[in-house]
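Welcome! Here are some short exercises, each with a worked solution, to help you find your way around a new structure. Have a look at the picture first, then try each task before you read on.

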Amino acid sequence: MKNIMLFALVVLLCSFTVDAKVKFGPIVTTEGVYKSFYEVQGDSYLIEGDILVEPALEKDMKGTARRTGRWDKGIVPFVVDDSIPNPSRIADAAAYLNAHTSIRLVARTNEASYVYFKNNGTAGCSSFVGRQGGKQIINVPDWCGSGSLVHEVLHALGFYHEQSRPDRHKSIKVKWSNIQLSAWFNFFVAPFAKKYGEFDFNSIMLYPSYNGFAKDPNKPTMTKRDGSTFEGQRNGLSEGDFAALAQMYPN
Ligand SMILES: [Zn+2]
């Protein structure tokens with residue numbers, strides 16, 4: 001048994017050494033600082049594939065630089081980078097949220113805190129979780145559609161991924177053996193994620209069973225407790241998402 005553990009540790013360490021893009025250290029969130037693995041992509045730091053994080057600075061470690069987390073009155077000022085192709089997908093995402101929720105995405109005038117939709121070419125969609133204070137990026141690659149952009153805006157509003165909930169073990173199993181070792185950290189529980197209602201397999205914040213972190217893409221990385229697989233829809237908010245948003249931003 002000890003040998004197996006040692007072997008696993010060596011494989012794990014080698015994979016991180018080879019894949020130098022993954023680092024370990026304290027990261028800052030709106031709820032506090034915790035230690036995690038994170039991926040370095042250019043000048044961005046990512047967990048779970050599309051959540052932007054920042055390595056913690058000394059002031060963060062002292063707890064003096066907590067971010068604000070929520071948007072006042074649910075109003076989110078935003079700016080769209082001029083170079084983003086097909087900007088109507090951002091307008092569509094904003095119109096969807098404005099029509100169906102109490103959140104208001106509004107064109108920024110001079111607000112200090114706002115979302116900046118940035119052209120990300122062919123890289124990934126990504127967003128910080130919660131209001132950071134000041135300008136905060138949502139990365140918009142060419143392929144990111146309005147449904148995925150709603151998902152990213154929900155991150156900016158304070159949502160984590162459904163599969164990262166601290167109580168997820170009651171609803172899903174993570175198939176560690178089919179996840180690339182250098183991507184394991186993307187399946188760790190988010191320690192500050194709050195539980196709103198029951199685990200929601202219809203949530204727009206849920207990753208599908210089959211995803212890009214798999215060793216074998218024909219096999220799932222996550223299943224329901226009974227072994228069956230699930231989809232991750234990006235069509236709109238589920239009833240559970242609407243309820244969670246209403247709890248997060250009560251009027
Ligand atoms: Zn996400």
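**Exercise 1. Find the residue that stands opposite Ile27 in E4, and describe how the strands around it pair.**

Solution.
- Step 1. Opposite Ile27, in E4, stands Pro55. Keep in mind that you are looking at a predicted model.
- Step 2. This pair belongs to E1 and E4 (residues 51-55), which are antiparallel and joined by two bridges.
- Step 3. E1 (residues 22-28) also pairs with E2 (residues 33-41), again in the antiparallel sense, over seven bridges. Here Gly25 faces Ser36 of E2.
- Step 4. From E2 you can go on to E3 (residues 44-47), an antiparallel partner with three bridges; Gln41 has Ser44 of E3 as its bridge partner.
- Step 5. E3 in turn pairs with E4, antiparallel and over three bridges, with Ile47 opposite Ile51.
- Step 6. For a parallel pairing, turn to E4 and E8 (residues 126-128), joined by two bridges. Leu52 has Phe128 in E8 as its bridge partner.

**Exercise 2. Work out which residues with a positive phi sit in the hairpins of E1 and E2, of E2 and E3, and of E3 and E4.**

Solution.
- Step 1. Start with the hairpin of E1 and E2: four residues lie between the strands, and Gly32 has a positive phi near 150 degrees.
- Step 2. Between E2 and E3 there are two residues, and Gly42 takes a positive phi near 65 degrees.
- Step 3. The hairpin of E3 and E4 has three residues between its strands, and Glu48 in the turn has a positive phi of about 55 degrees.
- Step 4. Most residues other than glycine have a negative phi. Glu48 has its positive value although it is not a glycine.

**Exercise 3. Glu48 and Lys73 are not glycines, yet have a positive phi. Decide for each whether it is buried or exposed.**

Solution.
- Step 1. Locate them: Glu48 is in the loop between E3 and E4, while Lys73 is in the loop between helix H2 (58-61) and strand E5 (75-80).
- Step 2. Recall the cut-offs: a residue is buried with 20 or more other C-beta atoms within 10 Å, and exposed with 12 or fewer.
- Step 3. Glu48 has 24 other C-beta atoms within 10 Å, so it is buried.
- Step 4. Lys73 has 11 other C-beta atoms within 10 Å, so it is exposed. Its phi is about 55 degrees.

**Exercise 4. Show how the buried residues of helix H5 are arranged around its axis.**

Solution.
- Step 1. In H5 (residues 239-248), the buried residues are Gly240, Asp241, Ala244 and Leu245.
- Step 2. Viewed along the axis of H5, they fall within an arc of 135 degrees, and therefore line one face of the helix.
- Step 3. The general rule helps here: an α-helix has 3.6 residues a turn, so residues three or four places apart point the same way.
- Step 4. Now check the face turned away from the buried side: the exposed residues Glu239 and Gln247 are found there.

**Exercise 5. Describe the surroundings of Asp167.**

Solution.
- Step 1. Asp167 lies in the loop between helix H4 (146-157) and strand E10 (172-174).
- Step 2. Asp167 counts as exposed because it has 11 C-beta neighbours inside 10 Å.
- Step 3. Apart from neighbours within four places in sequence, Asp167 is in contact with Lys195 and Phe199.
- Step 4. Arg225 is 58 residues away from Asp167 along the chain, and their C-alpha atoms are separated by 13 Å.

**Exercise 6. Step back and describe the chain and its domains.**

Solution.
- Step 1. The chain has five helices and 11 strands, and 30% of its 251 residues count as buried.
- Step 2. Its radius of gyration is 18 Å, which agrees with the value near 18 Å for a compact globule of 251 residues.
- Step 3. The domain assignment gives domain 1 (72-157) and domain 2 (162-235), with C-alpha centres 24 Å apart.
- Step 4. Five residues of domain 1 are in contact with four residues of domain 2. On the domain 1 side, the touching residues divide into two nonpolar, three polar and no charged.

Terms used: Residues are numbered from 1 along each chain as its sequence is written. This is a predicted model: local features need pLDDT of at least 70, side-chain atom pairs count only at pLDDT 80 or more; totals for chains, interfaces and linings use all residues. The radius of gyration is taken over C-alpha atoms; the globule rule is 2.2 Å times the number of residues to the power 0.38. The arc is that of the directions from the helix axis to the C-beta atoms. Two strands pair if DSSP finds at least two bridges between them. Two residues are in contact if their C-beta atoms, placed from the backbone, lie within 7 Å. Domain bounds come from an automatic or database domain assignment. Ala, Val, Leu, Ile, Met, Phe, Trp, Tyr, Cys and Pro count as nonpolar, Asp, Glu, Lys and Arg as charged, and the others, Gly among them, as polar.
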